[in-house]
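User: I am new to reading protein structures. Please take a close look at one helix and then show me how its surroundings are built.

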Amino acid sequence: MRHPEASERRRVVVRGVVQGVGFRPFVFSLATGLGLAGHVTNTEDGVLAEIEGLPTALEAFCHRVASEAPPLAEVVSVHHETVPASGAEGFTISPSRSAGRGRTFVPPDVATCADCLAELGDPANRRHRHPFITCTNCGPRFTIVTGLPYDRAATTMAGFPMCPDCAREYADPADRRFHAQPIACHACGPRLALVLPGRADLAREEALVRARELLAAGAILAVKGLGGYHLACDARNAGSVARLRRRKNRGDKPFAVMAGEPDDLDGMVHLDQEERELLTSAVRPIVLLRRRSGAVAEMVEKIAPGSPDLGVLLPYTPLHHLLLGLPGDPAGPRLLVMTSANSSGEPIVTGDREALERLAPLVDGWLTHDRPIQVPVEDSVLRIVDGQQLPLRRSRGIAPLPVPLPVPVRPSLAVGGDLKNVFAVAEGGYAWLSGHVGDMDDLGTLRAFDRAVGQLSGLTAITPELLVADRHPGYRSVQRALRGAGTRPVARVQHHHAHVAAAMAEHGLDGSRPVIGIAFDGTGYGDDGAIWGGEALVADYDGFERFGHLGYAQLPGGDAAVTRPYRMALAWLRRAALPWTPELPCVRTCPAGELVVLEKQLECGLNCVPTSSMGRLFDAVSSLAGVCHRAGYEAQAAIELEAAAVAYGPVRGGGYRFAVTPGEEPSRADPAPVLAGVVDDLCAGAPTGLIAARFHDAVAELVRSWCGEARDRYGIGLVVLTGGVFANAVLASACARGLRDDGFSVLRHRRVPPNDGGLALGQLLVAARVTT
C-alpha cells in the first residue's frame, strides 16, 4: 500500500544468524503485514531490507524484526537509517548481493522438524518417505555451504534444479518452504543408493528396505550423514558390535547408540528432564547418560565397556528416521551403533569415492547418496552435570555459531592444541570455533585442518593478522602455524593459562579482575620445561601466577606411560617411597623384564620427563587399584576409575588426603599419603569402588584447600574449573559443591569444552586482545 503524503523509507541491516533460517520470508511477511513496500535481500554482511511506508509501521518493523525473529535465527544487531523515499509499491525478495567482504553468521545443521517428520510418514504427502525432506526450519546448513550470501547456488544443492512443484513452494510466501534453499523432493532431490560388493546398486526405496534388512541380519553399513559417513550396526547384536570393534581397531573405546526415541532406552540409562530436553533438542547431540544396572547391562557393556556412561543420540536426518523405521514398517533394529566412519586416528570420511576405498575393509555395504558434503562435521558430544550443559565436543548442530567475546580482538587465527584439535578465527567481538578436527598425529588430519582453516576463514571473511599457538615446541599445530605465518607474528600461550582464559571468556569476564583457575588435564607444556597438568593459577588475560601444583613425578618413556598406566603407578609409588610389592595389581601386571628396566630408568632419569599432571595421577591410581592397566584410548584409565566411583556411591570425609605444606610458593600437593592410603585399603581387601570414591573425594578436598589458601592470600572469591579432567562428572560436581559450601563463586564450562577443544578460545583472549 502506498502512502504518498506521509511515507518514509529506511534501510535496515540485520546481522547475526539470519541466513538459512527463513529470515527473508519472515521479513516479507512482517513487511507486507504492516503495509510496507520495499525489498529484502541477503548480503555478505547479513540481511538488508529497504522498507517504505508510514513512520509508525516503520518503527514497528524495526522492533519486531528482532523480537519476533524465526526460531532458528539469532539477531545480533539491527541498524537502520533513513533514505530518500521512492514511492515504491509492493514488497519483494531480491536476488542476493555479493559486493564486498561483509560478514554474516552461517547457521549450523538442524535436526528434522516435527512438520517435516509428519510429512515423511504421511502416505498422502508428495514427500512421503523422502530421505532428504527439509524446510525453512530444519535440515543441512553449514555442511552444504560453499560460499556467501547463503543461496541455493552457494550450496551443494546447486546441482539439483528444483522441479515445478518445489519451485512453486519456494516462491509462495504462505508456504513453509518459501525460500528454503535445500528444498527438494523425490522428483528433483538427491538420490539414495545402496552399494554392495559384487552386486548391482540398489536405488531409492529398494536401497532403504534392503539396508534395514542387512542391519537386522547383523551387517555393518557405512551410512552417509550430514557431515560425513557413519559406521552402523544393530546395537543389540553382540556379534555385530564385536566385529565392528575389531574391524575399526576400536579397542575398548565406547560406541555411541542412536535410538529411535527416548522410550527405546528404557532399562539402559538414567534420563532426567534436562537430559531429555538436550537429547531431543534441534542440536541432537550425543548425550552421555549414566548407565543402569539390570537385564540389559550386559548388552550395554559390549557397547561401552568399562564406562560409567552410554553415549546416546536420536535421529537427526530423515534418512536416520527411515533407517530406524517409521510406524507400520517391518520390524528392524531400533538401536543402532553409530560411530564415525574412519580407521582409528584418521579424519572422518566425507567423499563417496574415498568411502568406497577406505571403508571397504570395515563394512558390508554403503548406504549413500549424491549430495556432496562440503564441510566435514562430527557429532557434538555433551553431558548434563548438576543440571547444566557441559560440552565435550562442540561440532554438528553448534558449529559454526560464533562465541561472543568480552573484549575485542584483532583479526586472528588460534590453532588450538594437538589433541581434540579445534581452531578458531576471530575479529572484533566474535570468535568462530571450528568443528572437531581431531588429533593432529595423522597426515589426513593435518590436511583436514588446512582445508577447514581455509573454509572457515572464507565464510567469516577474516584475514588473520596474528596467529596464536601453544608453547609446546613439538605440537604439530604449532608447526602448522609457524610454517603458514609468513611475515605475520605468531604469539605463544601457555597451555593451562589458555584453559583458564577460555572459561573466563565464555562467561563474559573482561579480565579486569583475576580468578583462581584450577586447570587439571593430562598434558600441557610448562614454563619450566616439565609437563604440567595439576595446576592452581591466579590468572587474568594478561598473565598468571602458578599458585599451586601437584608435586612432580617422573613420566617414564613418555607416551609409553600414557598407554600403560601401570608405569605411572610404579613411578608414583617410587616417588612416594612405597615398595613395589608383588601383591599390588600394577606390579603384578608389569612384565618382570620391564619391571627391572623401569626401576633402572626411574633411578637414573633416562627418558623420563617430570610431570605434575593430574590426569596421569588418575591413571596411576586406576592401575594401582586394579581398575585399568593398559589404555587403548585417551583417558580410559580415568574413565574406568570414575565408573568404579559411580558404582560405589559418594563418600564424604575420613578418606585420603594430599599433603600440602602451607606457605610454600608455589604450593605443592604431595599425593604420597593418598597413595599410601590406597595401598593400605588394597591390603585390607577394601572394595575397588571405595578406593575410587575416596580418591575422587581427596582431589576435591585438595581443590578446596588450594582455593581457600588463594582467597586468604589474594582476596579472590571466583574460581574457574577447567581442563580435560573436569569432564569427570563425579569430580566436577564434588569440587563445585565443596567450593560453594566454602562461599566461592564457581564457573564451569557451558559453551566450549573444558578439554583442548576449548583451548583456541583462551589463546585468542590471551594473545589477540585489542588493548588501549
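Analyst: Here is a walk from one helix out to the cores and sheets.

This is a predicted model, where local features need pLDDT of at least 70, side-chain atom pairs count only at pLDDT 80 or more, and totals for chains, interfaces and linings use all residues. Residues are numbered from 1 along each chain as its sequence is written, and side-chain values use heavy atoms, leaving out hydrogens and water.

Start with helix α19, residues 636-648. Helices (H or I, at least four residues) and strands (E, at least two) are DSSP runs, numbered from the N terminus. The expected span of a helix is 1.5 Å times one less than its number of residues. The 13 residues of α19 should therefore span 18 Å, and its end C-alpha atoms are 19 Å apart, which agrees. Just after α19, Gly649 takes a positive phi of about 105°.

Which residues of α19 are buried? They are Gln636, Ala637, Ala638, Glu640, Leu641, Glu642, Ala643, Ala644 and Ala645. Buried means under 20% relative accessible area, exposed over 50%, and partly exposed in between (1.4 Å probe, protein chains only). What covers these residues includes the strands β11 (286-290) and β15 (381-385). The cover also includes the helices α15 (565-575), α18 (614-624), α21 (688-714) and α22 (729-741).

Two of those covering helices, α15 and α18, also meet each other. Their axes come within 7 Å and cross at roughly 95°. Axes are lines fitted to C-alpha atoms, for helices over the stretch in contact, and angles run from 0 to 180 degrees between N-to-C directions. That makes α15 roughly perpendicular to α18. Angles under 35 degrees count as roughly parallel, over 145 as roughly antiparallel, 65 to 115 as roughly perpendicular and the rest as oblique. On the α15 side, the contact is made by Pro565, Tyr566, Met568, Ala569, Trp572 and Leu573. On the α18 side are Arg616, Leu617, Asp619, Ala620, Ser623 and Leu624. Contact means heavy atoms within 4.5 Å.

Next come the cores. A nonpolar core is a set of buried Ala, Val, Leu, Ile, Met, Phe, Trp, Tyr and Cys residues joined through side-chain atoms within 4.5 Å. The largest has 75 residues, and Ile518, Leu570 and Phe658 have the most contacts inside it. Helix α21 gives the most to this core, with 13 residues. Leaving aside neighbours within four places in sequence, Phe658 touches residues including Leu550, Leu617, Phe695 and Leu702. Apart from this core lies another, of 46 residues, among them Phe23, Phe178, Val425 and Val453.

Now the sheet that holds β11 and β15. It is open, has 11 strands and runs in the order β7-β6-β14-β8-β9-β13-β10-β12-β11-β15-β16, with mixed pairing. Two strands pair if DSSP finds at least two bridges between them. At the edges stand β7 (202-203) and β16 (388-393), each with a single partner strand, so one side of each is left without a neighbour in the sheet. Inside the order, 4 bridges join β8 (residues 221-224) to β9 (residues 229-234), and these two run antiparallel. Lys224 stands opposite Tyr229 in β9. Helix α6 (residues 238-247) lies across β9 and β13 (335-340), running at about 145° to β9.
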